[in-house]
Amino acid sequence: MLSMKAKYATRALMVLAANEGKMLQSKTIAREADAPMKFLEAILLELKNNGLVESRRGIFGGYYLAKPAKDIMLGEVIRLMDGMLAPIHCASLNSYRKCDDCVDENACAIRHAMIEVRNATSAVLDSKTLADMVRTQMKKQTSPSPVLHGRGPG
């Protein structure tokens, strides 16, 4: 499940991507991203420490993307904020850890299903850039909302 931290980080980065080339104050980013100011400040610092945003101090200071929005992948942001994409550690590439109760990892149907989940999730998230996300949002804001047809709860 996507944490609020990852959601706010993504929203903040999308605000910066939509204003690429401009420096924005944290209060502007918080307002546009609909994120709590204190929480967002910690997130922006983490994004800065990991090379996704830069900042300048002072009255005319603020935050801006450290690299083009087309070069920042959604998967990178989510991994940075939430850690692994895999639902369980034994299915993770970067945070692999064998389950304590595992008898035979190679025969474990749960592990193999979760590897498929991880691979599918990664394929989507690692193909979406911030620029893609901003374009999609702009299109959706200018067109009527589609009716969603689900196949049950969840």
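This briefing covers the overall fold of the protein and one helix-helix packing. The model is predicted. The protein has 154 residues. Its secondary structure comes to six helices and two strands.

**Overall architecture**

- Along the sequence, the elements follow the pattern α-α-α-β-β-α-α-α.
- The C-alpha trace spans about 60 × 40 × 25 Å along its principal axes.
- Among contacts with a separation of 6 or more, 61% join residues 24 or more positions apart.

**Burial and surface**

- Of the 154 residues, 32% count as buried.
- The protein exposes about 10100 Å².
- Carbon and sulfur atoms supply 55% of that exposed area.

**Packing of H1 and H4: geometry**

- Helix H1 covers residues 4-18, and helix H4 covers residues 74-82.
- The two helices pack at an angle of about 140°, and their axes lie 9 Å apart.
- H1 is therefore oblique to H4, because only angles over 145 degrees count as roughly antiparallel and 65 to 115 as roughly perpendicular.
- The crossing of H1 and H4 is right-handed.

**Packing of H1 and H4: residues**

- H1 makes the contact through Lys5, Ala6, Ala9, Thr10 and Leu13.
- H4 contributes Leu74, Val77, Met81 and Asp82.
- By class, the contact of H1 with H4 has six nonpolar, one polar and two charged residues.
- The charged residues are Lys5 of H1 and Asp82 of H4.
- The polar residue is Thr10 of H1.

Methods. Residues are numbered from 1 along each chain as its sequence is written. This is a predicted model: local features need pLDDT of at least 70, side-chain atom pairs count only at pLDDT 80 or more; totals for chains, interfaces and linings use all residues. Side-chain values use heavy atoms; hydrogens and water are left out. Axes are lines fitted to C-alpha atoms, for helices over the stretch in contact, and angles run from 0 to 180 degrees between N-to-C directions. Helices (H or I, at least four residues) and strands (E, at least two) are DSSP runs, numbered from the N terminus. Angles under 35 degrees count as roughly parallel, over 145 as roughly antiparallel, 65 to 115 as roughly perpendicular and the rest as oblique. A crossing is left-handed if the near helix is turned anticlockwise from the far one by less than a right angle, and right-handed if clockwise. Contact means heavy atoms within 4.5 Å. Buried means under 20% relative accessible area, exposed over 50%, partly exposed in between (1.4 Å probe, protein chains only). Accessible areas come from the Shrake-Rupley method with a 1.4 Å probe; for residues, only the protein chains shown count as cover.
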